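Q: Please take one part of this model, its interior, and look at it closely. I would like a single connected account that starts there and follows the contacts outward.

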Amino acid sequence: MGMMEKMFTDGRSKKLILIAHCMLNQNAISDGTAVWPAANKELIERCLAADVGIVQLPCPELMCLGLDRGDPAGAERPVTVENTRIRRAMSDDPESAAAKRLAELADQTMYQIREYVKHGFEIAGIIGANRSPNCGVETTSDDDVEIMGKGLFMQALSKRLEAEGIVIPMTGLKGTDDLGEKLRGLLG
């Protein structure tokens, strides 16, 4: 028996899920868009009931643009208009500090994923925040509307996963979604 097989044989489930930062900390979400006072409690409870550990993804918008997303008047605009402004602020110039920081966050997340995969952990999935300009999975915001497609951070993460041949199911949530249906395939 090699050293790797002897590791992590304690009480842990060796199952985990990666979840968008704002689902676990509504204080980080853009102004005017919080649904819960603190976090999506039902999501957390379902993960814990399934013995699935929770990895909180970084909030790319907070880490790249700040808590006010670079404009304290952001909440005065419709959410998809503000989301489009945020998307542009992060992607207009690939050499910008925001774009470089986004790439670093995706790289750091991939490091964690590689470590878990290397040691035989089961990654149940990645849960994003649909409509988000960064963490949307099925939908994101662009051109001042909600559109089909991934946000910038989820795009970056997907490209890295694909390049390394790592397959992890991804889904996005909104505050109004039926979690039972969305999580059935991920949590068993």
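A: In this predicted model, the largest nonpolar core has 43 residues, and the members that touch the most other members are Leu 43, Ile 113 and Ile 126. Leu 43 is a useful place to begin: leaving aside neighbours within four places in sequence, Leu 43 is in contact with Ile 19, Met 23, Ile 127, Leu 173, Leu 179 and Leu 183.

One of these partners, Ile 19, leads to strand β1, which spans residues 15–19 and is mostly covered, with four of its five residues buried. Strand β1 pairs with two strands. With β3, residues 122–129, β1 runs parallel and is joined by five bridges, and within that pairing Leu 16 has Ile 123 as its bridge partner. With β2, the pairing is again in the parallel sense, over four bridges, and here Ile 19 stands opposite Gln 56. Ile 19 is thus a contact of Leu 43 and also the residue facing Gln 56 in β2. As background, side chains in a regular strand alternate between the two faces of the sheet.

Beyond β2, which covers residues 53–56, the chain enters the loop that leads to α4 (60–65), and Pro 58 is found in this loop. Pro 58 has a relative accessibility of 21%, and because a residue must be under 20% to be buried, Pro 58 counts as partly exposed. Not counting residues up to four places away in sequence, Pro 58 touches His 21, Leu 105, Thr 109 and Phe 153. The link to Thr 109 spans 51 residues in sequence, while the C-alpha atoms of the pair are 8.1 Å apart in space.

The remaining topic is the open space. The largest pocket holds about 390 Å³ and is lined by 26 residues, with Cys 22, Ile 29, Ala 129, Asn 130 and Ser 132 lying nearest its centre. The elements that give two or more residues to this lining are α2 (21–24), α4 and α5 (79–91), and α2 provides the largest share, three residues. By residue class, the lining divides into 13 nonpolar, nine polar and four charged residues. Helix α2 ties several parts of this account together, since its range of 21–24 takes in Met 23, a contact of Leu 43, and His 21, a contact of Pro 58.

Notes: Residues numbered from 1 in each chain as written. Predicted model: local features only at pLDDT ≥ 70, side-chain atom pairs only at ≥ 80, totals over all residues. Heavy atoms only, no water. Buried < 20%, exposed > 50% of the residue type's maximum accessible area, 1.4 Å probe, protein only. Contact = heavy atoms within 4.5 Å. Pairing = 2+ DSSP bridges. 1 Å grid on protein atoms, 1.4 Å probe; cavity = no way out; pocket = protein on both sides within 12 Å on 5 of 7 lines; lining within 4 Å. Points joined across faces, edges and corners; volume = space filled by probe spheres on them. Nonpolar A, V, L, I, M, F, W, Y, C, P; charged D, E, K, R; others polar. Core = buried A, V, L, I, M, F, W, Y, C linked by side-chain atoms within 4.5 Å.
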